[in-house]
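Here are my notes for you on this protein. Have the sequence and the 3D view open while you read, and try to find each spot yourself.

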Amino acid sequence: MARMEVMSGTERRRRWSDEAKLRILTEADQPGVRIGDVARRHDIHPGQIRLWRQSFSYVGRPAMFLPVEITEEVSATQAPDTPPTPAVIEISLRNGRCLRVPADVELRMLGSLIACVEAA
């Protein structure tokens, strides 16, 4: 059944508790879930979810460790005078996307890249 909200008098903004915001953010962070679908279910604009993400900035989240596999590719056909290929780090994000960056990427740049890829 659809939810209907009747407002009489002056239109007011809805107030969301931190718990409700975090519950909606957790729902939006699930793999394969689209922000627009979550926003529609809760009758809010998708931009509101993005703003809540920024305001919470996930400071209160517990740290998660992800499995890391370090491999070194050695090619027998590589000529000695050929410059070595730069090392690349592959990061699997919780939204199912993958980010490949050079191993010498600056941390500030890496943080910005991850935020962009997760928000999209």
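The numbered points below start with the whole chain and then turn to single places in it.

1. A word on what you are looking at: this is a predicted model. The protein has four helices and two strands. Walk along the sequence and you meet them in the pattern α-α-α-β-β-α. That puts the two strands after three of the helices, with one more helix following them.

2. Now the overall numbers. The protein has 120 residues, and 15% of them are buried. Its accessible surface comes to about 10400 Å². Carbon and sulfur atoms account for 56% of that surface. As for contacts, take those between residues at least 6 apart in sequence: 39% of them join residues at least 24 apart.

3. How many disulfides does the model have? The count is zero. While you are checking, have a look at two cysteines. Cys98 is partly exposed, with a relative accessibility of 36%. Cys116 is exposed, at 54% relative accessible area.

4. Next, look at helix α1 (residues 18-28) and helix α3 (residues 46-56). Two packed helices are described by the angle between their axes and by the distance between those axes. For α1 and α3, the angle is about 110 degrees and the axes are 10 Å apart. Angles of 65 to 115 degrees count as roughly perpendicular, so α1 and α3 are roughly perpendicular to each other. Their crossing is left-handed.

5. Which residues meet where α1 and α3 pack? From α1 come Asp18, Lys21, Leu22, Ile24, Leu25 and Ala28. On the α3 side you will find Ile49, Trp52, Arg53 and Phe56. Try showing these side chains in your viewer and turning the model slowly.

6. Asp43 deserves a quick stop. You will find Asp43 in the loop between α2 (35-41) and α3. Most residues other than glycine have a negative phi. Asp43 is not a glycine, yet its phi is positive, at about 55 degrees. Is Asp43 buried, partly exposed or exposed? Its relative accessible area is 49%, and exposed means over 50%, so Asp43 counts as partly exposed.

7. On to helix α4 (residues 107-119), where Leu110 sits. Leu110 has a relative accessible area of 16%. Buried means under 20%, so Leu110 is buried. What does Leu110 touch, leaving out residues up to four places away in sequence? Its contacts are Ile91, Leu99, Val101 and Val105. Take Leu99 from that list: Leu110 and Leu99 are 11 residues apart along the chain, and their C-alpha atoms are separated by 9.7 Å.

8. The loop between α3 and β1 (88-92) gives you some residues to compare with Leu110. Ile70 is found in this loop. At 79% relative accessibility, Ile70 counts as exposed. Along the chain, Ile70 and Ile89 are 19 residues apart, while the distance in space is 9.0 Å from C-alpha to C-alpha.

9. Glu69 is also in the loop between α3 and β1. Glu69 is exposed, with a relative accessible area of 69%. Ile89 comes up again here: 20 residues lie along the chain from Glu69 to Ile89, and their C-alpha atoms are separated by 10.0 Å.

10. Last one: where is Leu66? Leu66 is in the loop between α3 and β1. With a relative accessible area of 53%, Leu66 is exposed. Its C-alpha atom is separated by 9.9 Å from that of Arg94, and the two residues are 28 apart along the chain. So you have two leucines to set side by side: Leu110 is buried, whereas Leu66 is exposed.

Conventions:
Residues are numbered from 1 along each chain as its sequence is written. This is a predicted model: local features need pLDDT of at least 70, side-chain atom pairs count only at pLDDT 80 or more; totals for chains, interfaces and linings use all residues. Side-chain values use heavy atoms; hydrogens and water are left out. Buried means under 20% relative accessible area, exposed over 50%, partly exposed in between (1.4 Å probe, protein chains only). Contact means heavy atoms within 4.5 Å. Accessible areas come from the Shrake-Rupley method with a 1.4 Å probe; for residues, only the protein chains shown count as cover. A disulfide is a pair of cysteine sulfur atoms within 2.5 Å. Axes are lines fitted to C-alpha atoms, for helices over the stretch in contact, and angles run from 0 to 180 degrees between N-to-C directions. Angles under 35 degrees count as roughly parallel, over 145 as roughly antiparallel, 65 to 115 as roughly perpendicular and the rest as oblique. A crossing is left-handed if the near helix is turned anticlockwise from the far one by less than a right angle, and right-handed if clockwise.
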